[in-house]
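Student: Please take one part of this chain and go through it closely. I am new to this structure, so give me the cut-off for each term when you use it.

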Amino acid sequence: MPEDKTKTRKSFDINSLNATKLEDFKFVQKRILQLKEARKKQFGINIEKIWADADRDYAPHRLGGVDSKKVVVTDEEKGWRGSLVKLGASNWPSDISQANPYIKIQTALAILIDQNPTGVLTAVKKIYQAVTELIKQLYQRSWQVAKSKQQLKLFVFNLAKYGWAVGRTYPLRISRKVKVIKSYNSEDPEKSEYEEKEVIEYNDIYRENLDPWNAWIDDMAKPNSDMSLRDWSWRKVYAFDAAEEEFSKYPRWKYVEPGGITTSKLEQGNALQKEFEEDRLVEIYFYENRLKDLFMVIANGVPIIIEPLPISDAEGNKKLSLWQAYWNLRHAECPYGIGIYESIRYEQALLDRFRNMTADQLALSIYKMFFYQGTQSLTETGDIKITPGVGKQVIDPKAINWLTIPGPGAEAWKGLEVFKRDLDEASGITETLMGITTGSQTAFEIAQAKESALKRLKNPLENITDALET
C-alpha cells in the first residue's frame, strides 16, 4: 500500500542526539545566522543591496517616472467596476533605460568562455609526471561527462553580474530502482512481467554552480587566501519527493516535514523571486567546517546528516567542496568583488537621464505644440503643460501661434558619446571588444586595440582559473 503523504511524521526531539552531535548542531544553527548577517556589513556596504539592484537593472526595462495621482474611474452606463487611473498622466516622455548592464555582461560572458579557462595541473617532481598526465585526462573526462562547461557559464555570469560567484565540486552518484519489462503479453499488456533493477544515472565528479544569494562564506575569509576560509554554508529548496529520494537512507529523515522558507531567495523584499508551483517543498541547509572536520545537512530544522567532511587529499588533509572567485578586487580584506553592474551603475544613471532628456527635446522639436483662441479655461494655476502635437485654447493667441523648441544641438549628442565612453571605460567592455570599429582602421590596428582591451579582463580570467584549480 502506498505511503500516505498527508500523514504527520514523528516530531524530532533534539535531545535524541548524543552530546557531541547536539553541541555541533547548536553551533551550526548559530553559525549559519552569523554568516548571513556578515555579508550585510562589508566595510559599511550591504552587498546584498547591490545584488538586488543588479537583478532589477540587468534585464532591459523602463525607468518609470513619478506616479501621478490615481483616481477610481467607474463606467456608470455599463456598471463596470472601478479601476485606478492616473490623473493627468502623460506617456510621451521617454523613460527607457539603455540595456548596458545586459550588453556588457553578455559580452564578457562570451569573451571569457571563448578563452576556455581550465585548471592547470603540474607535477611538483619528475616521478609524478606520469600520474599527473593520468589525472589531467580524468579531469578533462569529468568536464565532458558532467557538462561542466555549462555550469562554468552560469558561474561566469554570476561573477560578472554580482562581482562574486561560488560553486562546489563533489562526487555525485544518482541511482534509482526501476521496473524493466521481462516478458510482454500482447493479448493483455497489463499482465506483462517486469523485474526490478537499479539504474545508475550518474556516478562521477560533479561541478555545480550555486546561487550567490543562497551561499555564505566565512566572515574572516580574505581574497586570494584559501587557507583563511574555515567554513561555509549553502541553501537549497527541494521538491519533497526529490529530497526524499536523496536523503531517505538517513535515519533522521523520517522526522522531516515539508516546510521552511521555500522561496527561491530569503530576501523577499528586494531580491527577484522565482515562483514555485510545487506545494510540497522543503528548505535544506548544508554546512562544511574545515577546522572542525564537520559536514552537516539540516532539512527544515532536522539535522539529517552529522558526519566528518567527506573530501580529503592523499595525506588526509580535509578540503571544503567550495570554489569561488571575485571579478575585481573591492578591498584587500573583502572576498566579495566589484562586478560589471556595480562599476557602471552611476554612469548608467547619468547616461539614461541625459539620453531621455535628449529624446524628449527631439520629440518636442518635431511635434510642435500650438495655441488657438477659445473659451476653455486654463488650469487653476494658469500653467500650460507642454505636450507634443497638442493644441491648447488660450484667451489671447495673437502673440503665440506655435511653440517652437529647438532640437537637441550637437552638444547633446556629443555629451551622450562622452557618457557612453566613460561607461565603457568603467566596465572594461569597450566597443572594440563588442566588435564595433570606427574609422578606417586596418586589421592589425583592430587586433592591437582588441588585445589592449582584453587586458582589462585579465584579472577576472585569472580568478576564474584559480577557482577551477581549487
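**Strand β9 and its surroundings**

Tutor: In strand β10, the bridge partner of Phe-286 is Val-297. Strands here are DSSP runs of E with at least two residues, helices are runs of H or I with at least four, and both are numbered from the N terminus. This is a predicted model, in which local features need pLDDT of at least 70 and side-chain atom pairs count only at pLDDT 80 or more, while totals for chains, interfaces and linings use all residues. Residues are numbered from 1 along each chain as its sequence is written, and side-chain values use heavy atoms, with hydrogens and water left out.

Phe-286 belongs to β9, so begin with that strand's own position: β9 spans residues 281–289, and 9 of its 9 residues are buried. Buried means under 20% relative accessible area, exposed means over 50%, and partly exposed lies in between, using a 1.4 Å probe and protein chains only. The cover is on both faces of β9. One side carries Leu-281, Glu-283, Tyr-285, Tyr-287 and Asn-289, and the other carries Val-282, Ile-284, Phe-286 and Glu-288.

Now the partner strands. β9 pairs with β10 in the antiparallel sense over 6 bridges; two strands pair if DSSP finds at least two bridges between them. The hairpin of β9 and β10 has 4 residues between the strands, and in it Asp-293 takes a positive phi near 50°. β9 also pairs with β8 (residues 231–239), again antiparallel, over 9 bridges. Within that pairing, Trp-234 is matched with Phe-286 in β9, and Asp-231 is matched with Asn-289.

β8 in turn is largely enclosed by the rest of the structure, because 7 of its 9 residues are buried. Strand β7 (residues 215–217) runs antiparallel to β8 and is joined to it by 3 bridges. There Ile-217 stands opposite Trp-232 of β8.

Ile-284 shows what surrounds β9 at a single residue. Leaving aside neighbours within four places in sequence, its contacts (heavy atoms within 4.5 Å) are Trp-234, Arg-235, Lys-236, Tyr-238, Ala-243, Phe-247, Val-297, Ile-298 and Ala-299. Ile-284 also belongs to the largest nonpolar core, which has 50 residues. A nonpolar core is a set of buried Ala, Val, Leu, Ile, Met, Phe, Trp, Tyr and Cys residues joined through side-chain atoms within 4.5 Å. Trp-232, Phe-247, Ile-284 and Ile-304 have the most contacts inside this core. Strand β10 (residues 294–299) gives the most to it, with 6 residues. A second, separate core has 25 residues, among them Ala-108, Trp-143, Ala-160 and Ala-325.

On the sequence side before β9, a loop lies between helix α6 (240–247) and β9, and Pro-251 is placed in it. Pro-251 counts as exposed because its relative accessibility is 65%. Its C-alpha atom is 9.1 Å from that of Ile-305, although the two residues are 54 apart along the chain.

Another covered strand can be set beside β9. In β12 (322–326), 5 of 5 residues are buried. Leu-322, Gln-324 and Tyr-326 lie on one side of β12, with Trp-323 and Ala-325 on the other. β12 belongs to an open sheet of 3 strands in the order β6-β5-β12, with antiparallel pairing. Since β6 (193–210) and β12 stand at the edges with a single partner strand each, one side of each is left without a neighbour in the sheet. β5 pairs with β12 over 5 bridges, and Trp-164 stands opposite Tyr-326 of β12. On the other pairing of this sheet, 17 bridges join β5 (residues 164–183) to β6, and Tyr-170 has Tyr-206 in β6 as its bridge partner.

For the wider setting, the protein chain has 10 helices and 15 strands. Buried residues are 37% of its 470 residues. Of the contacts in the chain with a separation of 6 or more, 67% join residues 24 or more positions apart.
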